[in-house]
Amino acid sequence: MSTVTTTKTSQTAVLTLDHAPVNGLGLALRTALTKAFCDAMADAEVTAIVLTGAGRMFCAGADISEFGTPKSMQPPSLPEIINMIEAAKKPVVAAIHGNALGGGLELALGCHYRVAVPGTNLGLPEVSLGIIPGAGGTQRLPRVIAVERALDMIVVGKPIKAEKAAELCLVDALAEGDLVEAAVKFCQGLPEGADALRPTRAREDNLEPARDKPEMFEDYRKAMARRARGLDAPYAAVECVEACLAKTFDDGLQFERDTFKRLVASDQSRALRHAFFVERAAAKIDGLPKDTPARKVESAAVIGCGTMGGGIAMNFANAGIPVTVLETKDEFLQKGLGIIAKNYAASVAKGRIPQEKMDGCMALIQGVTDYAALGEPDVVIEAIFEKMDAKKDVFAKLDEVTPPDTILATNTSTLDVDEIASATKRPEQVIGTHFFSPANVMRLQENVRGKQTSDKTIASTMTLAKKLGKVGVLVGVCDGFVGNRMLHAYTRQANFLLEEGALPHEVDKAIFDFGFPMGPFAMGDLAGLDVGWLIRKARAKEKPNNLRYSPIADRICEKGRFGQKTSAGWYRYEEGSRTPIPDPEIEQLIIGVSEELGFERRAIGEQEIIERCIYTMINEGAKILAEGIAQRPGDIDTVWLYGYGFPRQRGGPMFYADTVGLKQVYDVMRALHDEHGDWLEPAPLLKELAEAGKGFGDL
Ligand code: NAD
């Protein structure tokens with residue numbers, strides 16, 4: 001349903017937007033609003049108009065599923081409606097609750113006044129979708145609140161609460177009690193006739209002081225440079241606010257409209273919108289009935305309080321769920337709990353959380369060393385060392401001591417979830433919950449379904465991810481699951497590039513410039529090089545015929561260089577600094593390995609680095625899709641966006657592949673395979689799609 005209902009009270013027409021769930025301003029609602037508004041204007045009895053929203057909110061903005069479709073441009077357009085409201089000869093008051101976001105706030109800005117319920121979110125979050133407000137937001141907001149504050153709201157996109165909005169004069173009155181009653185009362189308090197009209201376009205008072213500070217915009221650009229690296233929309237937003245000062249209102253609107261149209265058609269915005277949609281789609285599990293019951297999680301346990309266990313326990317406490325952590329010895333337990341306390345204290349010191357929040361969370365975390373003290377948790381997450389035998393012992397024990405319906409999850413990053421499950425008599429209740437480090441910060445939760453994992457366990461674990469504030473993605477069992485399997489393909493190529501002629505800082509620069517927060521070598525130093533070294537040594541024993549990998553990383557570890565923790569790894573680090581500095585010793589080591597292996601070193605450009613590292617990762621993604629390890633390409637993108645910092649403005653590896661064109665990716669892979677053989681064989685799915693002129697998005 002998409003309607004606008006009109007009621008009349010004390011000569012005020014109350015127009016209610018009604019388009020569940022968020023009153024998105026699609027074509028049907030825009031048409032209904034125009035009609036209802038014109039009727040109210042034509043009604044001689046009506047002296048004022050209140051505009052409000054049905055359900056949970058005022059309005060969350062444009063209907064983004066219409067973006068880029070003819071419907072979005074079909075009249076009445078949102079800018080036209082807002083102009084009409086602003087020009088009305090009867091006062092119009094927006095009565096806001098829940099959310100007034102994006103086009104919703106722009107609509108409210110076109111009204112002459114705004115009354116809001118305390119706690120309401122008001123914001124212009126368009127930049128997060130690679131666009132700017134396109135219905136006058138960049139021209140009206142700086143006319144309503146101080147230009148500096150308007151810049152923050154438009155460029156950063158973070159909503160503010162109604163209380164703050166009232167301080168800034170974005171909201172004229174806070175509604176205690178019934179919102180519509182308060183808005184009608186507000187109308188009655190307005191002066192008679194034309195004095196009650198306050199078109200935003202005519203307001204100049206906030207613009208005047210800003211005109212004296214033209215340097216403000218340059219300063220703002222400098223200050224946001226790091227945060228906005230590689231992004232177009234935040235810079236375009238600054239330009240629009242600048243135009244608000246320099247141009248007439250109508251010219252400013254036109255400038256905003258042109259900018260909006262350019263951005264909405266850009267690859268960046270398409271990628272950011274893709275990221276928005278696939279994250280939501282990841283919550284849907286193919287073949288899982290919608291009404292699959294999810295087990296309530298009101299208590300939890302974590303086994304092992306090391307790097308990951310501690311962070312996972314914090315996730316539960318942050319969500320208000322009591323959690324018991326179990327360690328083998330009191331000494332390890334105290335160490336783990338100490339680190340948790342230190343992490344919370346650091347957040348308090350930075351002003352991110354109040355002391356009471358820390359105290360509350362710490363009170364929810366209980367440490368034990370005995371399984372008998374584990375209680376009756378709804379879910380247990382195991383995060384002990386990465387050793388199969390040890391994990392199986394833990395699961396056998398958990399199977400004995402926990403209630404029969406407790407979900408048993410493992411945080412393993414490489415081991416076979418099915419084998420772990422075989423240690424229990426309830427394999428249907430065993431699942432992988434692969435958190436990323438630092439577990440209390442990183443948003444990804446890769447949920448790994450085993451062969452026997454039940455629908456209920458899957459539904460419960462996906463719901464749990466949401467409760468913990470994580471983005472849950474369901475994957476299947478394979479070596480490294482989705483994320484680390486693709487990461488392996490990528491870092492392996494990065495290492496081969498060193499043998500052939502590149503240096504770590506060159507590879508890292510290309511990857512950083514592509515948009516990642518850091519390249520593979522800086523990341524290796526951050527994570528610690530010893531972990532991978534131990535895994536490689538163990539695997540060499542288990543599977544001696546494993547595919548070749550470059551010996552350089554092992555040689556570096558043999559020197560006792562494990563990354564940042566030893567102030568030396570792929571790079572060297574000055575005392576107390578985390579800044580990687582290229583090290584001539586490593587350069588010599590790399591050159592030596594090239595000679596040993598018979599490589600004639602050559603210059604390797606940025607494009608080749610991207611192709612070798614990113615295309616091979618995409619190729620692995622195609623294999624993962626064909627094997628059914630990931631449900632859909634968008635799930636792979638979500639894993640990479642939230643687990644590995646893949647640049648969001650490129651949409652994730654599979655979306656990026658489609659923007660480059662699969663033919664291009666396939667041709668490069670084929671050429672690489674001809675030259676190097678090995679893992680570089682193009683995935684059959686990649687070949688098939690490329691030859692059919694299709695993309696992953698067509699699947
Ligand atoms: P860690 O060495 O920091 O911590 C492991 C903890 O488990 C130690 O405190 C140890 O005392 C405890 N422990 C060992 N055996 C135990 C037992 N039988 N009962 C109770 N406690 C026991 O290791 P970590 O980095 O936290 O890794 C834990 C798990 O998470 C591993 O499976 C690892 O593969 C996985 N993982 C690690 C990362 C990472 O970046 N560190 C990321 C994702 C997943």
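This is a short talk on one sheet, the ligand beside it, and a few unusual backbone spots.

First, the ground rules. The model is predicted: local features need pLDDT of at least 70, side-chain atom pairs count only at pLDDT 80 or more, and totals for chains, interfaces and linings use all residues. Residues are numbered from 1 along each chain as its sequence is written, and side-chain values use heavy atoms, with hydrogens and water left out.

Start with the sheet. It is open, has 8 strands, and runs 12-11-10-13-14-15-16-17 with mixed pairing. Helices (H or I, at least four residues) and strands (E, at least two) are DSSP runs, numbered from the N terminus. Two strands pair if DSSP finds at least two bridges between them. At the edges sit strand 12 (365-368) and strand 17 (471-476), each pairing on one side only. From one strand to the next, the twist averages 25 degrees. Axes are lines fitted to C-alpha atoms, for helices over the stretch in contact, and angles run from 0 to 180 degrees between N-to-C directions.

Zoom in on one pair. Strand 15 (430-435) and strand 16 (444-449) are antiparallel, over 5 bridges. One bridge partner of note: G432 is matched by V448 in strand 16. The loop between these two strands holds P438. A cis peptide bond joins S437 to P438, with omega about -10 degrees.

Now the helices. Helix 14 (307-318) lies across strands 10, 11, 12, 13 and 15, at about 170 degrees to strand 10. Helix 19 (455-467) lies across strands 13 to 17, at about 175 degrees to strand 16. Contact here means heavy atoms within 4.5 Å.

On to the ligand. What comes nearest among the 22 residues around the ligand? M308, E327, E386, K391 and S413 do. Near means a heavy atom within 4 Å. Ligand oxygens lie 2.6 Å from a side-chain N or O of S413, 2.9 Å for T307 and 2.9 Å for N411. Taken alone, the ligand exposes 830 Å², and the protein buries 77% of that. Areas are Shrake-Rupley, with a 1.4 Å probe. Helix 14, helix 17 (388-401) and strand 15 each give two or more residues to the shell.

Last, the backbone. Most residues other than glycine have a negative phi, and most peptide bonds are trans. S10 has a positive phi, near 45 degrees, in the loop between strand 1 (3-9) and strand 2. A cis bond also joins A20 and P21, omega about 0 degrees.

How values were computed. Polar contact = N/O pair within 3.5 Å; in protein donor to acceptor, adjacent residues only side chain to side chain.
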